[in-house]
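Let's look at how a few helices sit against one another. Have the chain open and follow along.

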Amino acid sequence: MAEEGAPGRRGERSEEGPAERGPGAAFHMFVLMEDLLDKLKLLSYEEEALRRHNMRPLSRHYFALPTNPGEQFFMFCTLSAWLITKAGRPFEQPQEYDDPNAVISNVLSELRSFGRPVDFPPSKLKTGCGEQVCYVLDCLAEEALKHTGFSWKRPAYPTEEPEEEEITEDDAELTLDKLEEDVAEEESDNEENYIDLNVLKAQTYRSNMNDTAKQEEILQSTTDAAEWNLEVERVLPQLKVTVRTDNKDWRIHVDQMHQHKDGIDSSLKETRITEALEKVKQETEEKGSSMTDGAPLVKIKQALTKLRQETIQMDIQIGVMEHTLLQSKLKEKSNMTRDMHATVIPEATVGAY
């Protein structure tokens, strides 16, 4: 294996801060995951490990990003057990109901037995993703490749022999003659590019005269008016321009806004009128019900009846009180009369003696 100590250095630096490891430390796990995926493909993990458990192939950053912790942890345990077995060590395939701490402890024990350093807490592996997970699987994949006898080799590039162009003397003479002809043609073209101003002036004057004559011919038309009208009627349908409306045009949106505004205003007016009508209708119904309802009259009659009863009771109470007062007065008068007779009789008796 080439540079077997590199993964160990990765594990030793896994607990360092980002400032100590440099600005690219955050992307180190992605690079490590891509290396791991290449090594797993070399070990034919899809045919030997995934198909046995009906699992899908890994993506480029499967263990680098957290997606489904339960699924990722089970995939980590499955691949770890397979890689340890691939490296020549017996290891029981973990099940879903096994204790995660026990499985992680057994995997780290096997990793230490391969001479790989483990300087991070086992709890880092429970999430099923992260740099520590990629480091453990990468080390186990390297041990499996070492056990299978795989070795990295330098790429062999094919050597290409440059083709040398052999120029014969005849070809050289032909090339020189062709070059002289090209130079002569360029010189003649340059001479033709020079323009005589007098000739240009005469050509301009003749073109202006021709344009004036054409304009006079146009002003004096010989076309029949009836034929012209027939031609206009025939061509008129083809001259109509149809502008296709584009829903993305801002003018259409403005028109739609105005239409919606008008619709809202009309709806609000109708709503206000409806509310006013409902209010008037409710007031009318209340007045009509109050006029036709006999409940107030019944209440008045009941109140009058109650007043009559109270008046009768008051009259009775007044009569009882008057009778009581009369009796008390009569009793008082009789007592006074009796007292007067009692005082008069002894005086008469005294006078007789």
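## Ground rules

Angles between helix axes count as roughly parallel under 35 degrees, roughly antiparallel over 145, roughly perpendicular from 65 to 115, and oblique for the rest. This is a predicted model, where local features need pLDDT of at least 70, side-chain atom pairs count only at pLDDT 80 or more, and totals for chains, interfaces and linings use all residues. Residues are numbered from 1 along each chain as its sequence is written, and side-chain values use heavy atoms, with hydrogens and water left out.

## α4 against α5

The axes of α4 and α5 cross at roughly 130° and come within 11 Å (axes are lines fitted to C-alpha atoms, for helices over the stretch in contact, with angles from 0 to 180 degrees between N-to-C directions). The two are therefore oblique to each other.

On the α4 side, the contact (heavy atoms within 4.5 Å) uses Tyr45, Glu48, Ala49, Leu50 and His53. Met75, Thr78, Leu79, Trp82 and Lys86 meet them from α5.

## α5 itself

Helix α5 covers residues 69–86, and its end C-alpha atoms lie 25 Å apart, in agreement with the 26 Å its 18 residues should span at 1.5 Å a residue. (The expected span is 1.5 Å times one less than the number of residues.)

Plenty to look at inside: among the buried residues (under 20% relative accessible area, 1.4 Å probe, protein chains only) are Phe73, Phe76 and Trp82 of α5. Their cover includes α3, α4, α6 and α7. After α5 comes Gly88, with a positive phi near 95°.

Technical notes
Helix = DSSP H or I, 4+ residues; strand = E, 2+ residues; numbered from the N terminus. Buried < 20%, exposed > 50% of the residue type's maximum accessible area, 1.4 Å probe, protein only.
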